[in-house]
Amino acid sequence: MRRFVILGQSAVADADFSIEDIPGTSGRLDVLLRCLRAGLMFSHGIRQDTIVYLCLLGGPRGPRTLRFEGATARFLRPDERNLGALVRKILAPDARPGPGFVPVRHGVALAESGVEAVLDDLHGATPYIVEEGAPDIRAATIDATSCAFFLGDHAGFAANAREELGRRGAAALGLGPVSMHAEDAIAVVVNELDRRDRGA
Ligand SMILES: C[S@@+](CC[C@H](N)C(=O)[O-])C[C@H]1O[C@@H](n2cnc3c(N)ncnc32)[C@H](O)[C@@H]1O
């Protein structure tokens, strides 16, 4: 199982944003929506072997985390507007009990906490931090059967989250010399895993 975790430092964790202007009203939830598409979808399909977590750490309702499971997700469309509308519906209800993941739709669950909820949900997956300047993924040994890749948003990683991942023994992986958008970084990791899976 592949897991991708995107830490949205300012992404709002409530429905108080406009579908007409997601980048301008949601603390850059648009970045996370594009990451969701890049991690979970391929052309005309959903990746059954992938789980994507969107950590929404901003706004008055944050932190909250959305979990999308490719194996059970239904009716997901790749465009940002549709994904934004789905997230908005899910975030509309008020508090849910407990810090763990609570199912809210087919293949989608919500937790009332941030990266801690993800760390408790890894089921033994090997954690990796995807960050600029780290040793190149092309030369790295990756536990492709059960891996969890943590990425920052447009602002990178908050120092405390980066430290916590380090304490958990996460190895850092780099993707080359250029700073990419987070969704492009996910596409590179996905492609690397696809190639390794197929011996290409
Ligand atoms: C737009 S970048 C963040 C840039 C931000 N200014 C920073 O200092 O980290 C978003 C995320 O994509 C990933 N990323 C982008 N380019 C990368 C690269 N060349 N190597 C590894 N990770 C990269 C990292 O997880 C990063 O936090």
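Visitor: Where in the chain is the place of Ala13?
Guide: The model discussed here is predicted. Ala13 belongs to neither of the elements that flank it, β1 and α1 (22–25); its place is in the loop between β1 and α1.

Visitor: Is Ala13 buried or exposed?
Guide: Leaving aside neighbours within four places in sequence, Ala13 is in contact with Leu56, Gly58, Arg61, Gly62, Arg64 and Leu91. The relative accessibility of Ala13 is 0%, and a residue counts as buried when the value is under 20%. Ala13 is therefore buried.

Visitor: What distance separates the C-alpha atoms of Ala13 and Val87?
Guide: Along the chain, Ala13 and Val87 are 74 residues apart. In space, their C-alpha atoms are separated by 9.4 Å.

Visitor: Which side chain does a polar contact join to that of Arg64?
Guide: Arg64, one of the residues in contact with Ala13, is found in strand β5 (residues 64–69). At 0% relative accessibility, Arg64 counts as buried. A polar contact of 3.2 Å joins its side chain to that of Glu112.

Visitor: Which strands stand at the edges of the sheet?
Guide: The sheet is open, has 8 strands and mixed pairing, and follows the order β6-β7-β5-β4-β1-β9-β8-β10. A strand at the edge has a single partner strand, so one side is left without a neighbour in the sheet. The strands in that position are β6 and β10 (171–173).

Visitor: What is the average twist from one strand to the next?
Guide: The value is an average over the steps of the sheet, whose order runs β6-β7-β5-β4-β1-β9-β8-β10. From one strand to the next, the twist averages 25 degrees.

Visitor: In which sense do β1 and β4 run, parallel or antiparallel?
Guide: In the order of the sheet, β4 stands between β5 and β1. With β5, strand β4 runs antiparallel, and 6 bridges join them; Cys55 has Thr65 in β5 as its bridge partner. On the side of β1, 8 bridges join the strands, and the bridge partner of Arg2 in β4 is Thr50. The sense in which β1 and β4 run is parallel.

Visitor: How many of the 9 residues of β4 are buried?
Guide: Strand β4 is mostly covered. Cys55 is buried, with a relative accessible area of 0%. Of the 9 residues of β4, the number buried is 8.

Visitor: Which residue takes a positive phi in the hairpin of β4 and β5?
Guide: This hairpin has 5 residues between the strands. The positive phi is near 70 degrees, and the residue that takes it is Gly59.

Visitor: Which residue in the turn of the β6 and β7 hairpin has a positive phi?
Guide: Strand β6 (residues 102–105) and strand β7 (residues 108–111) pair in the antiparallel sense over 3 bridges, and Pro103 stands opposite Ala109 in β7. The hairpin they form has 2 residues between the strands. The phi in the turn is about 75 degrees, and the residue is Gly107.

Visitor: Which residue in β7 does Leu66 stand opposite?
Guide: β5 and β7 pair in the antiparallel sense over 4 bridges. Not counting residues up to four places away in sequence, Leu66 touches several residues, among them Val108, Ala109 and Leu110. The residue that Leu66 stands opposite in β7 is Leu110.

Visitor: Which helix gives the largest share of the largest nonpolar core?
Guide: The largest nonpolar core has 49 residues, and those with the most contacts inside it are Leu66, Phe68 and Phe149. The largest share of this core is 8 residues. These come from helix α2.

Visitor: What angle does helix α3 make with the direction of β5?
Guide: Helix α3 (residues 80–91) packs on the sheet and touches β1 (2–12), β4 (50–58), β5, β6 and β7. Its direction makes an angle with that of β5 of about 125 degrees.

Visitor: Which residue does a polar contact of 2.9 Å join to Arg162?
Guide: Arg162 has its place in helix α5, which lies across β1, β8 (126–130), β9 (147–152) and β10. Arg162 is partly exposed, with a relative accessible area of 25%. Leaving aside neighbours within four places in sequence, its contacts are Ile129, Glu131, Phe157 and Ala172. The polar contact of 2.9 Å joins the side chain of Arg162 to that of Glu131.

Visitor: How many disulfides does the structure hold?
Guide: A disulfide needs cysteine sulfur atoms within 2.5 Å. For Cys35, the nearest cysteine sulfur is that of Cys55, 11 Å away, and Cys35 is in no disulfide. The number of disulfides in the structure is 0.

Notes. Residues numbered from 1 in each chain as written. Predicted model: local features only at pLDDT ≥ 70, side-chain atom pairs only at ≥ 80, totals over all residues. Heavy atoms only, no water. Buried < 20%, exposed > 50% of the residue type's maximum accessible area, 1.4 Å probe, protein only. Core = buried A, V, L, I, M, F, W, Y, C linked by side-chain atoms within 4.5 Å. Contact = heavy atoms within 4.5 Å. Polar contact = N/O pair within 3.5 Å; in protein donor to acceptor, adjacent residues only side chain to side chain. Pairing = 2+ DSSP bridges. Axes fitted to C-alpha atoms, helices over the stretch in contact; angles between N-to-C directions.
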